[in-house]
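Colleague: I am new to this structure and would love a close look at a single part of it. Could you pick one sheet and walk me through it, along with whatever surrounds it?

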Amino acid sequence: MSERRDPSRRGVITRSAAVGGGIASAVMLAACGATDDAVGDAPESVPSGSVPVADVPVGGGVVVDATETVITQPNAGEFFAFSSICTHQGCSVSRVTADHIICPCHSSQYDTRTGEPVAGPAPRALTPRTVTVTETEVEYS
C-alpha cells in the first residue's frame, strides 16, 4: 500500500522560499558578475560645460554631476577632464585625491592625469574629455 504524501503548507512555503531565494541570489550574482561591458554604449553626444578655475583644487578635483564629468588639477595649472562614469559598472565617481579619482561602488581608482585604472575592478580608463583653460574658467567637452 502506498502512502499518500500531501505537502504541508509549511513545506510548500519553505521550498518556495528556498527556490525563490536561490533565483534572487542568482540574479544578483549575475548582475555583480556582469561582463566588463556592463556600462553599455557611450552617449552619442559628449556633455560640455565649464567650472570656475577656483572650484578645482590643486592636488584634487571636482565632480560635475550635471554633465557626468570629473575635472582634476594634480599640479597648479595642470587640468584634466574625464567622464565621471566608472568603467566597471556605471557608478559615478565621488571624489578626487591628489593621485586618484575614486568610485565609491567597488573601490575602483583612476589616475588623475590619465584616467587609467590603478586599483579595483575597473577594466579600462575613464573616457577623456577635451579641456580648455581660460583665466577664470575650465571649459570641457
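Modeller: Happy to: here is a tour of one sheet, its strands, and the loops and contacts around them. Please keep in mind that this is a predicted model.

Let us start with the layout. The part I have chosen is an open sheet of four strands, in the order β2-β3-β4-β9, and its pairing is antiparallel. Its edges are β2, residues 60-64, and β9, each of which pairs on one side only. In general, strands of a sheet pair through backbone hydrogen bonds, in a parallel or an antiparallel way.

Now we can walk across the sheet from one edge. β2 and β3 run antiparallel and are joined by five bridges. If you want a place to rest your eye, find V64, which stands opposite T69 in β3. The next step goes from β3, residues 69-73, to β4, again antiparallel, with four bridges. T69 helps here too, since this residue stands opposite S83 in β4. The last step takes us from β4 to β9, residues 128-129, an antiparallel pair joined by two bridges. Here F82 stands opposite P128 in β9.

The connection between β3 and β4 deserves a pause. These two strands form a hairpin, with six residues between them. In the turn, G77 has a positive phi of about 80°. E78 also lies in the loop between β3 and β4, while its partner R113 lies in the loop between β7 and β8 (117-119), so this pair ties together parts that are 35 residues apart in sequence. The link between E78 and R113 is a salt bridge, and their closest N and O atoms are 3.4 Å apart. The structure holds one salt bridge, so you have now met it. As background, side chains of opposite charge can pair when their charged atoms come close. Both partners are partly exposed: R113 has a relative accessibility of 33%, and E78 has a relative accessible area of 24%.

Next, follow the chain out of β4 into the loop that leads to β5. T87 is found in this loop. With a relative accessibility of 7%, T87 counts as buried. A polar atom of the T87 side chain lies 2.6 Å from the backbone oxygen of R124.

The loop between β4 (80-83) and β5 (95-96) also holds C91, and the loop between β6 (100-102) and β7 (109-111) holds C105, so the C91 and C105 pair ties together parts that are 14 residues apart in sequence. These two cysteines form a disulfide, with their sulfur atoms 2.1 Å apart. As a reminder, a disulfide is a covalent bond between the sulfur atoms of two cysteines. The link of C91 and C105 is left-handed, with -105° about the S-S bond. C105 is partly exposed, at a relative accessible area of 36%.

There is another cysteine pair to look at, and this one is not bonded. The sulfur of C86 has its closest cysteine sulfur in C103, 3.8 Å away, which is too far for a bond. The cut-off for a disulfide is 2.5 Å between the sulfur atoms. C103 is therefore in no disulfide, as the nearest cysteine sulfur, that of C86, is 3.8 Å away. The count for the structure comes to one disulfide. Both C86 and C103 are buried, each with a relative accessible area of 2%.

That brings us to the interior. C86 and C103 belong to the largest nonpolar core, which has 11 residues in all. Among the other members are V63, V70 and F82, and you may remember F82 as the residue opposite P128. The core also includes V93, V96, I101, Y110, A122 and L126. A second, separate core has eight residues, including V56, V64, I71 and V138. V64 is familiar as well, as the residue opposite T69.

To retrace the route, look for the strand order β2-β3-β4-β9, then the hairpin of β3 and β4, then the salt bridge of R113 and E78, and finally the disulfide of C91 and C105.

Methods:
Residues numbered from 1 in each chain as written. Predicted model: local features only at pLDDT ≥ 70, side-chain atom pairs only at ≥ 80, totals over all residues. Heavy atoms only, no water. Buried < 20%, exposed > 50% of the residue type's maximum accessible area, 1.4 Å probe, protein only. Pairing = 2+ DSSP bridges. Core = buried A, V, L, I, M, F, W, Y, C linked by side-chain atoms within 4.5 Å. Polar contact = N/O pair within 3.5 Å; in protein donor to acceptor, adjacent residues only side chain to side chain. Salt bridge = Lys/Arg side-chain N within 4 Å of Asp/Glu carboxyl O.
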